[in-house]
Amino acid sequence: MTAVLEVRDLQKSFGAVVAAKDINVTVNEHEIIGIIGANGAGKTTFVNMVTGYLKPTSGQIEFAGRNIMGLPPRDITVLGISRSFQVPQVFASESVFDNLLMAYAITEETGMGLLAPLYNDERAARVDSHLERYKIADYRNAVSSTLPQGIRKLLDIAMAAVSKPTILMLDEPTSGISAEEKFGLMDIIMEALAEDKTTVLFIEHDMEIVERYVSRVLAFYQGQIICDAPTAEALVDPGVREFVIGEEYHRTRTEAAARQGGADNA
Amino acid sequence: MRYLDKTVVGLSIAFLVLLFADFFMAEWVRFMGLQSLARGAVALGLLVLWRTGLVSFGHALYFGIGAYAAAMLTLVGYHDAFFLVFAGTLASGILAYLLGFLLRRYRGIFFALLNMAFSMILYGVIVKTEELGSTDGFSVLAPTFLGYAPEGEAVQTTLFLFTLFFTYIVTVGVHLYLKTTLGGMSMAVRENEIRVEYLGYSAEKVIHVKYVFSGLVAGFGGAIMALAIGQVDPDSMANWNVSGEFVFITILSGIGNVAATFIGAFVFELIRTYAFEYAPLFWQLILGGSLLAIIMFLPNGIWSLVDRLRKSEG
Amino acid sequence: MQELIVILVDGLVFSSYLFMVAVGLTVIFGVMKILNVTHGSFYAFGAYMSATLIGAYYETDWPEFGGFLAIFAAALIVGVFFGIVLERGLLRFLYHRDEHIIVLATFAMFLVLEDVLLMIWGTDPYFAYQPMSLLGSVDIAEMTFATYNLTLIALAVVVGLGLWLGLTKTKWGKLLLAVIFDREVSQAMGINVTMVFLVTFIIGAIMGALGGAYIAPTISVSPGIGVEVIVLAFAVVVIGGMGSIPGAMIGALLVGISRAAAVHKFPEIELFVIYAIMALVLAIRPEGLFAPAQARKI
């Protein structure tokens, strides 16, 4: 296991408000990590700091052996950390195809290459195969602002994945998605990312999703990581149960377990 | 062959037709044509900015710099049109490059007004500079062309050819540019800067490039205008309503196609000239009225008429 | 020392004038997010109407001080008329459009109104000096100032305080602030945004017209007075922070006193000192000195 991302003593305060403190995380290659925590616990702040959107007050962020603290998002993206957004960030008035075409072009071109035509057949073919992988080919020519929420989420993540990042951070991939759709959506995403051997960190409120896709959990509470452990262990951690998951989930889980037990007995 | 599309073919045909027409057209038509090309060039820069989601209410700054730079060089003995126009264009480009570092941080109405503030500083400087004729400006002698010194009507004829040639090159260039990755990034920046940053490119850099380009073509237009009317003065070169007229042309043309810009500029010139001639007391009313009518009834400019025509055919 | 006092008094008078013409613009921007170029027309029509009414008033043998009523009557007539006609007749069709397009529409309307003004009043200048000569002059530090000009300072203070109190202390003002903060939520909460917009626009228009009406006795009312004003008012509003009334006051003071200083000390930079300040302020504080808080919408 090689560490790709090392975060040391990360702090962030907005005036008197401490949004993150003493954050220490090491992320290894090919890990799938779930970031959980109540609203305002500091999950998005963490993602924003690692991807350069927010400048940490102090601390250290090393990516692939290189200090990336203070770099703007564009440089961090080029180095290999990408992200998706809770509210999908797409080119709203353009078609799904054109969104991805632009994503590919920006990723692939530098310098004078930027003055080559945006469209070429080879790039279009890459876009189309990307559309297939993310199962949004049916929406190829639909304008992004008219897409259903789930498809827009997929487009957002597909755009973030264009650069084949080493690490992809997903900010609540299933928020706003119906319970019936969420596993289908996550299957598509995780399958596509597994092909590229991408290391994934995603923020998630839904513990069913966390249990199913994640091998390790970071639990945030009041700006701190209160638990960093394998999934099964983290979900029964008393601190996590009290401050993150709440009683609701446990009751249903225990009841479900009890029912299952009862059925077994019968 | 991949660069030859309908617009390039259309522009090339228009170029050739105008090239020959130059020798036959009436003097006043040529004069209007020259002004349309000059203003159209500025509007071309505004089109590129507008596609990026930015509107400038101050491009008279670059128009004025281009015009005055060219005109001032004639005062110290330079008369070659190639040199004068090149110098005017370059002067504006350099200024746009420098101010771009500041302006690329602004969006929306702030971008528009900060541009206006800078243009009004130039206006104030010119008005207060007696050496440049203050509000009256000064006259510009007829230019020469690489040693050829035309006289009488030939001056305008040659200047028209000169302007037509460069405008054609620039316009085709812009059209092709809009299809490149950098050109297409106008859309990307307008629609979602956050996404552009997270795809690994700087939105501000994109804006800066477009801004410098808009400054260059505005300087070109200004230098041409100075030579075409043989005179520079602050009120028709650098005042805020001049900037307003450029935006007017952009609205009139729509931002759908580069060719529309020059049609729009010519229509603007027609409205202005005829309003001024036949209703000297009401020309602003006619100008304002047409602008309102376009905003209300033709929100995508005259190019939407072409689009509609195409749709009804297809 | 004397020069300093002159600069200060001239500066205050000019600041008050600037505040009067800018405050309406900033109120309209604050609530409706519209940069209203026709504000220059309100000013010009206010001035012409005022000059006309004052002229007519002094044709009668009514008490001399009644002439001041003509000024306020002119502002009300112009403001209410244009406020209703422009908001209902034009702007409401454009609210869903791009902000630049709305500015351009008001620019177009401004051009139209410039010529309408010429149609009504012609090209000859109008003078309405009576209220000004009525008040005479006062001496400050052995220098003579027109009393009428000094009353402009008082008027600006009254208008500024009035608007500020109206906004922060009345129910109407609070509704307005809610709309400023978040138009959509206000609408959802049952605030009649249409009505708020109309009333705001009328108030802004009256302010613009009052600026012109009150200044009319001190100038020769002639074509083109609206153009200069609109650009000045832009600068003031942008410096102070668009939509902020205290901002307009600070902006007006900054611009007014700087310009008075420039006029007396460095007349060659008088014309562009204002825009230089504007560019400088924007470069340092992009949203102006007192930009109101924005609702976060992510």
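Student: What makes strand β8 (residues 199–203) of chain A count as mostly covered?

Tutor: In this predicted model, 5 of the 5 residues of β8(A) are buried, and a residue earns that word if 20 or more other C-beta atoms lie within 10 Å of its own. A:Thr199, A:Leu201 and A:Ile203 point one way from the strand, A:Val200 and A:Phe202 point the other way, and all are buried.

Student: How do you know that β8(A) pairs with strand β3 (residues 32–37) of chain A and with strand β7 (residues 167–171) of chain A?

Tutor: Pairing requires at least two bridges between the strands. β3(A) is joined to β8(A) by 4 bridges, and β7(A) is joined to β8(A) by 5 bridges, so both pairs meet the requirement. Both run parallel, with A:Ile33 opposite A:Leu201 and A:Leu168 opposite A:Val200.

Student: Why is chain C called as compact as a globular protein of its length?

Tutor: Chain C has 12 helices and 2 strands. Its radius of gyration is 19 Å, close to the 19 Å that the globule rule gives for 298 residues, and therefore chain C is as compact as a globular protein of that length.

Student: What makes C:Ala235 a contact partner of B:Ala117?

Tutor: Two residues are in contact if their C-beta atoms lie within 7 Å, and C:Ala235 is in contact with B:Ala117 as well as C:Val255, C:Ile274, C:Tyr275 and C:Met278, leaving aside its neighbours within four places in sequence. C:Ala235 and B:Ala117 are also among the residues with the most contacts inside the largest nonpolar core, which has 282 residues.

Conventions. Residues are numbered from 1 along each chain as its sequence is written. Chains are lettered from A and ligands numbered from 1 in the order in which they are written. This is a predicted model: local features need pLDDT of at least 70, side-chain atom pairs count only at pLDDT 80 or more; totals for chains, interfaces and linings use all residues. The radius of gyration is taken over C-alpha atoms; the globule rule is 2.2 Å times the number of residues to the power 0.38. A nonpolar core is a set of buried Ala, Val, Leu, Ile, Met, Phe, Trp, Tyr and Cys residues joined through C-beta atoms within 7 Å. A residue is buried if 20 or more other C-beta atoms lie within 10 Å of its own, exposed if 12 or fewer, and partly exposed in between; C-beta atoms are placed from the backbone.
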